[in-house]
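Subject: Structure handover

Hello,

Please find the structure below, with notes on what was found in it.

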Amino acid sequence: MAAFNLTPFDPSTLILAGIPGLEAAHIWISIPLTMVYIIGLFGHSTILFVVGKEKTLHKPMYLLLCMLAFTDIATPTFIMPKALCIFWFNLKGITVGGCLTQMFFLHTSSVMHSAILVTMAFDRYVAICNPLRYTTILTNARIAKLGLVGLMRAVLCTLPLPLLLSRQPFCANRIIPHMFCDHIAVAKTSCGDITVNRMYGLVVAIVVIGLDLTLIVLSYGLIIRALLRISSKKAHQKALNTCTAHIFVMLTSYPPFLFSILTHRFGQGIAPHVLIILANLYFLLPPMLNPIIYGIKTKELRDKVGKYTCRSCSASSTDSNLT
């Protein structure tokens, strides 16, 4: 399959190389990546279905979980179709416009994901530190407005990235050593001065992630202070259990993101295929793990999923008996 190339030459086309150095293994690499994508898609679709069907789950916490599910579905979906075209059919060409569009939606989704994690931290802070006013402070309508603000912030922060690159001249060698249109990888194919692109991308990453992590740390600092004032160990345990899932999700999101950003910008001695695999793991692995984490750690959600699973199994058993 790698012996032929179905990518036509076009001066307005960029070439996504996939994973340089591992071209012979593209088919085999696509298998675990596809499995990770399908598992994540199934998990998040299940959460969206159960929360949508169960009126008892129409609460701010689960509305935030649905927002997280949408971003976790969107992020790998912006990557996988084109990646599989590269791995399976050697279709490596992508138009400049298509590449910049993929970049915009991919990074917008990532920034939106971070905003949702901040809102979740605030949700846990209100639930633990001000439980009597929780329903008045955090209504579904207010959560929806916070989600809209997060989306607007993501769009405004990300939009300059493709706009700045669209003004750049691209070299004759338009090969992007990646399986998706990462900002820095695309910028490096330009023959022009990309200092502004590099600086803007770095500043946005530092400011957005720095601000979001500061707000999250502040929320959990206030939560810990409130817990220290409670003498009951049972109350401590209950409060911590409500935060466990969110903490695990943050641990699967922020450290890989920061590591990927730093290695791409400063890891000149690291093999290119290692950098690409790390970037792919950041975009694909957390979306697979998040529904599993929330399914295990959130009892109410776990019970509802079990209820629908048992109902589905019963319906299947009844149908088979009738036939």
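The model is a predicted one. A starting point is Ile 296, which has a relative accessible area of 53%; the cut-off for exposed is over 50%, so Ile 296 counts as exposed. Ile 296 lies in helix α11.

Ile 296 is also part of a nonpolar patch on the surface. The other members are Ile 27, Trp 28, Ile 31, Met 35, Ile 39, Trp 88, Phe 89 and Ile 292, and together the patch has about 890 Å² of accessible area. Two or more of its residues come from each of α1 (26-53), α3 (80-89) and α11 (272-297). Helix α1 supplies the largest share, 5 residues.

In soluble globular proteins, nonpolar side chains tend to be buried together. On the buried side, the largest nonpolar core has 82 residues, and Val 186 and Leu 301 touch the most other members. The biggest contribution to this core, 14 residues, is from helix α4 (residues 96-129).

Leaving aside residues up to four places away in sequence, Val 186 is in contact with Leu 14, Cys 99, Met 103, Leu 165, Phe 170, Ile 176 and Cys 181.

As for α4 itself, 26 of its 34 residues are buried, so the helix is mostly covered. How far apart are the end C-alpha atoms of α4? They are 50 Å apart, which agrees with the expected span of 50 Å, because 34 residues are counted at 1.5 Å a residue.

Regards

Terms used: Residues numbered from 1 in each chain as written. Predicted model: local features only at pLDDT ≥ 70, side-chain atom pairs only at ≥ 80, totals over all residues. Heavy atoms only, no water. Core = buried A, V, L, I, M, F, W, Y, C linked by side-chain atoms within 4.5 Å. Buried < 20%, exposed > 50% of the residue type's maximum accessible area, 1.4 Å probe, protein only. Helix = DSSP H or I, 4+ residues; strand = E, 2+ residues; numbered from the N terminus. Contact = heavy atoms within 4.5 Å. Expected span 1.5 Å × (residues − 1). Patch = residues over 30% accessible without salt bridge, like charges linked within 9 Å, V, L, I, M, F, W, Y side chains within 5 Å. Areas by Shrake-Rupley, 256 points an atom, 1.4 Å probe, with all protein chains shown as cover. Salt bridge = Lys/Arg side-chain N within 4 Å of Asp/Glu carboxyl O.
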